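User: Could you walk me through how the descriptive labels for this structure are justified? I would like to see each value set against its cut-off.

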2 protein chains.
Amino acid sequence: MKDKVAVVGVGCTKFGDLFDLGYEDLICAAAFQAYEDARMDPGEIQAAYLGTYLPGPSGGKAAVSLADALRLYDRPITRVENYCATGTDAFRNACMAIASGTHEIVLVVGAEKLKDRGGRGLPRLGHPLLAKGNTAPGLFALAANRYMHTFGIGRETLAKVAVKNHHNGARNPKAHLRMEVTEEQVLKAPIIAWPFGLFDCCPTTDGAAAAIVCRADLAGRFTDQPVLVKGFGLAVTSGRPYFDPTFDYLGFPSTQQAARRAYEMAGITPHDIDFAEVHDCFTWTEISNTEDLGFCAKGEGGAWAREGRTALTGDKPINPSGGLKSFGHPIGASGVRMIYECVEQLRGRGGERQVKKASLGLAHNVGGPGAVACVIVLGAN
Amino acid sequence: MKDKVAVVGVGCTKFGDLFDLGYEDLICAAAFQAYEDARMDPGEIQAAYLGTYLPGPSGGKAAVSLADALRLYDRPITRVENYCATGTDAFRNACMAIASGTHEIVLVVGAEKLKDRGGRGLPRLGHPLLAKGNTAPGLFALAANRYMHTFGIGRETLAKVAVKNHHNGARNPKAHLRMEVTEEQVLKAPIIAWPFGLFDCCPTTDGAAAAIVCRADLAGRFTDQPVLVKGFGLAVTSGRPYFDPTFDYLGFPSTQQAARRAYEMAGITPHDIDFAEVHDCFTWTEISNTEDLGFCAKGEGGAWAREGRTALTGDKPINPSGGLKSFGHPIGASGVRMIYECVEQLRGRGGERQVKKASLGLAHNVGGPGAVACVIVLGAN
């Protein structure tokens with residue numbers, strides 16, 4: 001798979017409370033940016049993948065929504081769903097469709113309207129765990145508390161992640177919460193589920209992102225700066241990791257396995273990655289993921305956050321985009337949005353938030369919580 | 001793609017009102033039959049695809065449901081959804097994953113529990129069209145009426161399809177409605193949506209089916225009778241074909257396009273196909289699909305049904321399994337169940353319903369209605 005597929009165009013809507021835009025509007029906005037970026041006639045798209053987690057409140061929201069939004073008719077379009085890893089998994093399948101020789105040019109769109117429904121965008125029918133009073137913050141908090149007890153870190157370490165990601169997001173015109181926060185603000189915010197206060201949690205967001213992938217040998221037709229797909233990995237563990245007696249609550253094996261597969265395909269080690277978009281649905285999740293992705297040893301993620309090693313100016317910038325924390329988290333869109341950010345950084349188009357060294361970037365989703373993870377490694381050449 | 005992927009094992013549950021079995025029970029039953037059929041240690045499965053249309057009433061029903069049901073952990077598992085073409089599209093993506101070189105052995109499961117919810121298994125939130133009083137029978141009936149008017153066929157021609165498919169299904173121990181019906185019964189049954197009476201409509205059904213696909217050169221390890229994937233095609237037209245002023249209501253362009261792609265990949269014409277599992281959600285749909293798949297010219301499908309050319313003993317047997325009409329239609333499972341039937345027929349294991357010539361079989365789903373279609377061509381060698 002390595003180097004067989006290239007990203008030649010990306011697009012992303014402003015993320016936020018987009019009550020004035022429908023689901024199909026979001027798909028259009030993201031896809032047409034990607035067409036323009038690739039200087040491509042939309043008629044060249046041979047197939048498409050749509051990543052959407054939740055069916056819309058009015059039904060539909062399947063492959064046909066993408067077809068109708070883009071008038072992209074008479075082609076294969078597949079909807080992929082994989083919890084919070086929906087976007088990266090849609091991208092992964094698009095890459096395999098190309099590498100299989102079936103298609104040459106494929107569009108990937110991740111899109112989600114979360115603000116039109118109650119709660120944290122969770123299905124009204126209710127998940128059996130949520131029905132028992134557990135929420136996404138509550139489930140991740142269980143692991144965060146255990147982690148903080150084991151490795152002796154406090155809420156002020158978590159707050160460093162929020163401060164950093166809001167710092168980055170404030171420099172990103174497309175971020176949902178485009179504002180800086182202070183450590184004091186984070187620590188004094190209302191508690192959602194201990195140890196998470198309001199600013200430890202990503203917001204509920206509408207948005208869409210798009211990427212056009214093609215056979216690597218065709219990339220020169222569309223861009224002078226193709227980005228190569230170096231490797232990817234997906235891993236599903238149990239949907240009930242918290243009931244698994246071997247689960248230590250200190251990190252997610254799904255991320256460790258997905259990363260191992262991606263590094264192996266790319267022929268690299270985690271130390272070769274210059275920067276990463278990492279699933280920071282909660283501040284603790286970024287710290288733990290930094291370890292699970294192999295950037296540092298288990299238990300060292302807190303120190304990395306405190307020492308600024310994951311800042312824009314650090315030796316391993318994490319979430320230069322602002323992350324889910326500041327950019328927002330429309331579930332199916334997030335993975336494709338991360339790929340958008342990686343491509344922008346690898347092309348040196350990060351603007352105020354450009355990282356210094358950008359040859360090899362990584363996008364990572366975790367969902368479930370912890371049940372599924374997907375890792376994509378992208379390279380500038 | 002042609003001949004790069006082989007089916008080496010298949011499984012299928014009894015279809016029906018399976019109130020005593022859960023969603024995960026169905027996945028287990030189908031997958032373990034496929035493991036046994038391929039004489040395969042489940043540990044050899046490297047990745048999986050799950051086709052499910054509706055998220056369950058209790059949430060979940062995603063990739064993690066397959067992982068937990070089969071204890072198939074630490075692997076990539078993707079859920080694919082594509083209306084009634086969900087099962088065949090999951091299979092198509094599994095084939096591309098193998099042909100891309102990413103995986104060697106992949107499990108595909110289609111599963112659906114429709115009886116646990118109200119209505120025709122449709123989401124409680126309601127589709128915008130359904131909310132206006134249209135149902136699946138109502139939407140297909142619009143086209144059927146136009147077709148019958150244009151080509152001068154009556155309800156007794158539709159009834160031939162019901163009689164044939166119930167005849168075949170009565171010979172299939174796994175069929176939901178395992179009983180014969182007479183033309184008189186079909187014509188006298190209560191009307192659901194003119195011209196469709198009760199016996200012109202497929203039932204609402206629970207069930208699951210599984211297929212194991214692998215790199216064709218590895219197939220000999222698992223079976224003496226591998227079945228080769230010759231070609232496939234998916235096409236999405238508009239999600240609102242009935243509002244398209246160019247739509248003639250006489251058949252579905254999505255099926256025509258998906259079939260053309262599949263035949264082109266396989267290097268065959270429709271006349272080379274020996275038998276087919278065709279999406280007969282309603283009796284008229286089979287007649288129209290027979291034409292859209294290119295087996296006969298537009299308008300000739302009714303004569304084909306009347307003359308018995310699509311019967312088990314005809315020159316182009318259609319739905320030897322009993323079809324959706326008799327076997328049942330658990331949405332995400334149906335496509336994989338069709339592949340199961342094709343493989344059984346190609347191996348000569350069709351029992352009482354074995355077709356005479358079985359070198360090349362075809363499975364076809366249409367959904368939407370008409371918005372999406374998927375075609376898979378399978379060959380005995």
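Analyst: Here are the labels, taken one at a time, with the rule behind each. This is a predicted model, in which local features need pLDDT of at least 70, side-chain atom pairs count only at pLDDT 80 or more, and totals for chains, interfaces and linings use all residues. Residues are numbered from 1 along each chain as its sequence is written, chains are lettered from A and ligands numbered from 1 in the order in which they are written, and side-chain values use heavy atoms, leaving out hydrogens and water.

User: What makes the radius of gyration of chain A agree with a compact globule?

Analyst: The radius is taken over C-alpha atoms, and the globule rule is 2.2 Å times the number of residues to the power 0.38. For 381 residues that gives a value near 21 Å, and chain A has 19 Å, so the two agree. The C-alpha atoms fill a box of roughly 55 × 45 × 40 Å along the principal axes.

User: How many helices and strands does chain A have, and what counts as one?

Analyst: Chain A has 12 helices and 11 strands. These are DSSP runs numbered from the N terminus: H or I over at least four residues for a helix, E over at least two for a strand.

User: Why is Ile45(B) called buried?

Analyst: Buried means under 20% relative accessible area, exposed means over 50%, and partly exposed is in between (1.4 Å probe, protein chains only). Ile45(B) has 1%, so it is buried. This residue sits in the loop between helix H1 (23–37) and strand S2 (47–51) of chain B. Its partners beyond four places in sequence include Tyr35(B), Leu72(B) and Ile212(B), where a contact means heavy atoms within 4.5 Å. The C-alpha atoms of Ile45(B) and Val106(B) are separated by 5.7 Å, although the two residues are 61 apart along the chain.

User: What makes helix H2 of chain B mostly covered?

Analyst: In H2(B), residues 63–70, 8 of the 8 residues are buried. The cover for them includes strand S8 (227–236) of chain A, as well as H1, S2, strand S3 (77–81) and strand S4 (105–112) of chain B. After H2(B) comes Arg71(B), with a positive phi near 50°.

User: How do you know that His166(B) is buried?

Analyst: The relative accessible area of His166(B) is 0%, so this residue is buried. His166(B) belongs to helix H6 (residues 155–170) of chain B. Beyond its neighbours within four places, it is in contact with residues including Leu177(B), Phe199(B) and Lys325(B).

User: How many aromatic pairs are there over all chains, and what is the rule for one?

Analyst: A search of the whole structure gives 26. Rings of Phe, Tyr and Trp (its six-membered ring) pair if their centres lie within 6.5 Å; planes under 30 degrees apart are stacked, over 60 edge-to-face, and the rest tilted. Phe15(A) and Phe327(A) are 4.8 Å centre to centre with 75° between the planes, an edge-to-face pair. Phe15(A) lies in the loop between strand S1 (5–12) and helix H1 (23–37) of chain A and Phe327(A) in helix H11 (residues 323–327), so the pair ties together parts 312 residues apart in sequence. Phe15(A) is buried at 1%, and Phe327(A) is buried at 0%.

User: What makes Phe32(A) partly exposed?

Analyst: Phe32(A) has 42% relative accessibility, so it counts as partly exposed. Tyr35(A) is buried at 3%. The two form an edge-to-face pair, 5.0 Å centre to centre and 80° between the planes. Both lie in helix H1 of chain A, 3 residues apart, about one turn of the helix.

User: Which peptide bond from Trp194(A) is called cis, and what is its omega?

Analyst: The bond from Trp194(A) to Pro195(A) is cis, with omega near 10°. A cis bond also joins Trp194(B) and Pro195(B), with omega about 10°. Most residues other than glycine have a negative phi, and most peptide bonds are trans.

User: Where does Asn319(A) lie, and is it buried or exposed?

Analyst: Asn319(A) lies in the loop between helix H10 (301–306) and H11 of chain A. It is buried, because its relative accessible area is 0%. Its phi is positive, about 55°, although it is not a glycine. Asp3(A) also has a positive phi, about 65°, and is not a glycine; at 29% relative accessible area, Asp3(A) is partly exposed.
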